[in-house]
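Reader: I should like to understand the reasoning behind the terms used for a protein model. May I ask about them one at a time?

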Amino acid sequence: MTASPPRRRRAAVTAALALTVGVAVGSDVAAASNVVSGLQGGSGTVTVPTWLFLLTGGAVIAASGMLSMLVTDRAFLEEIHTWSLPVPGTEAVRTWLGRLGAAGTAVVLALVVYTGFTGPQIGSASFAVLVVFVGARAGLTMVAYAVGNPWPALDPWRRVAAALPNGFVEYPTDWKRWPAVAALLALIYVEIVTPLTQSPATLAWAVLGYSAFAIAGAVAVGPDAWVRNADPVSTWFRFYGAVGPLQRTGEGWSLRAPGSRLREADLVTDLSDVAFVVLLVWELTLSGFVVTPPGETVVEALVGVGLPPVVAYLLLLLAGFALFLGAYLLAARRSRERATTYLTARYLALRFAPSLLAIAGGYHLAHYFAFFVSQTPSLWTALVNPLSPPAPPAFTRLVLPGWFSTLDIGFVLAGHVLAVWAAHATSFDLFPGRLQAIRSQIPFIAVMVAYTMLSLWLLSMPTGTTPFVQG
């Protein structure tokens, strides 16, 4: 039987997508992150064998082909994305767990500050550095997109603000989540230009400064408004948590299919949310870029024309973010043209943006999974002896087998496939016609492929240290 034109077109798009990603996979793989580099001193490359390249390409083709076939069945899509399994538990239990979690986090933060100032000034043997970067930056974020958002039960700053007089000014509604975007940009910048992973005292000052900022903001506008709009940490975990299977509803917690929350219209409601989501993708790309040879070359070139290093990094951070965001918004406009719809490009940008969270989760797992596993012994040593740490040689990391790094490509591609699935589901929510729905996805998928190719390219590079940033 001869395939229909829409089916042939879908097959061509699927094959092109698989080929593009497959070619990108056929490279060397290495973990690339300034945090990883700061604690581990970089990593070498591991050549991907031909069989793995072929297997990965075949897996992408198969997954994308299945997706193209299944997506046309609206009843099936609805069944997958609305399935849920209630998680037993009373509101009283959740309240007490929240109180205990926030109290525990407050104690840990106090220890981070204390040990940052008084403990060994060696990042790989510091309770402060290991807890913040291995435990929270890596581990807790993985919990968010692999399980569900843990931060509401752990947030100590919100509970401190709630116990104080608060709500002195009304949060300007037209600010939306732009303060959270600006604050996350500032945090990323501080992480890049200061030796947080190498200087525990510097990290302790940063934690103190952020704590004062978070409590003051929550007291000024009220904890609820602050957490919902301006707090970058809460927004970070809320968006990453949308990928996970454990979701909170009006009736309590429930298990859902991973990524099913990403098709819902109430997750991203403003362009500031779109900017925050794109920034999650860009910050992981940037953290890998600045410790690879191409990134070092760019930074050195900017410094070579007379820019101070701190200005060069700020320019790189903002320019790259503007490029990523601009590419996505351009895809939204192209999507509107291809779908010939009365829906605005802005609305399409809002609805398709959550699918990028799956890519961000895949990127994060690729950057931090091996790092987290290898640093687990040191983290455990720090947790057991926070106030009387042993000599630095006691802080050891697991030596992972060579094949472990090849998991990175699987994580990146898994995030990409889940993102394509979410985009498919969203398009069929928006458009009644099958061909119209498929046409609307193509520009967004093109942007996803570009993001993913760039990430895989960076993962293929050997890593060093952040240029001009000294411990």
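Author: In this predicted model, 52% of the 471 residues of the protein count as buried.

Reader: What makes E283 buried or exposed?

Author: The cut-off for a buried residue is under 20% relative accessible area. E283 has 2% relative accessibility, and therefore counts as buried.

Reader: Why is D429 called partly exposed?

Author: Its relative accessible area is 37%. Buried requires under 20% and exposed requires over 50%, so a residue in between is called partly exposed.

Reader: Why is the contact between the side chains of R137 and E191 called a salt bridge?

Author: The rule asks for a side-chain nitrogen of Lys or Arg within 4 Å of a carboxyl oxygen of Asp or Glu. For R137 and E191 the distance from N to O is 3.2 Å, so the pair satisfies the rule. R137 lies in helix 6 (residues 127-146) and E191 in helix 8 (residues 178-193), so this salt bridge ties together parts that are 54 residues apart in sequence. R137 is buried at 11% relative accessibility, and E191 is buried at 15%.

Reader: How do you know that R137 and E283 also meet in a salt bridge?

Author: Their side chains come to 3.0 Å, N to O, and the limit is 4 Å. Because R137 belongs to helix 6 and E283 to helix 12, the pair ties together parts that are 146 residues apart in sequence.

Reader: What makes D429 and R263 a salt bridge?

Author: The N to O distance between their side chains is 2.4 Å, which is within 4 Å, so the definition is met. D429 is in helix 17 (residues 407-430), while R263 is in the loop between strand 5 (252-256) and helix 12, 166 residues apart. By this rule the protein has eleven salt bridges.

Reader: How do you know on which side of helix 13 its buried residues lie?

Author: The buried residues of helix 13 are G295, V299 and L302. They cover an arc of only 60° around the axis, which means that they are on the same side of helix 13. These residues pack against helix 12 (271-289) and helix 14 (309-339).

Reader: Which residues does Y451 touch, leaving aside those up to four places away in sequence?

Author: Y451 touches V278, V281, F324, Y328, L356 and Y363. In the largest nonpolar core, of 115 residues, Y451 is among those with the most contacts inside it.

Methods: Residues numbered from 1 in each chain as written. Predicted model: local features only at pLDDT ≥ 70, side-chain atom pairs only at ≥ 80, totals over all residues. Heavy atoms only, no water. Buried < 20%, exposed > 50% of the residue type's maximum accessible area, 1.4 Å probe, protein only. Helix = DSSP H or I, 4+ residues; strand = E, 2+ residues; numbered from the N terminus. Arc of directions from axis to C-beta. Contact = heavy atoms within 4.5 Å. Core = buried A, V, L, I, M, F, W, Y, C linked by side-chain atoms within 4.5 Å.
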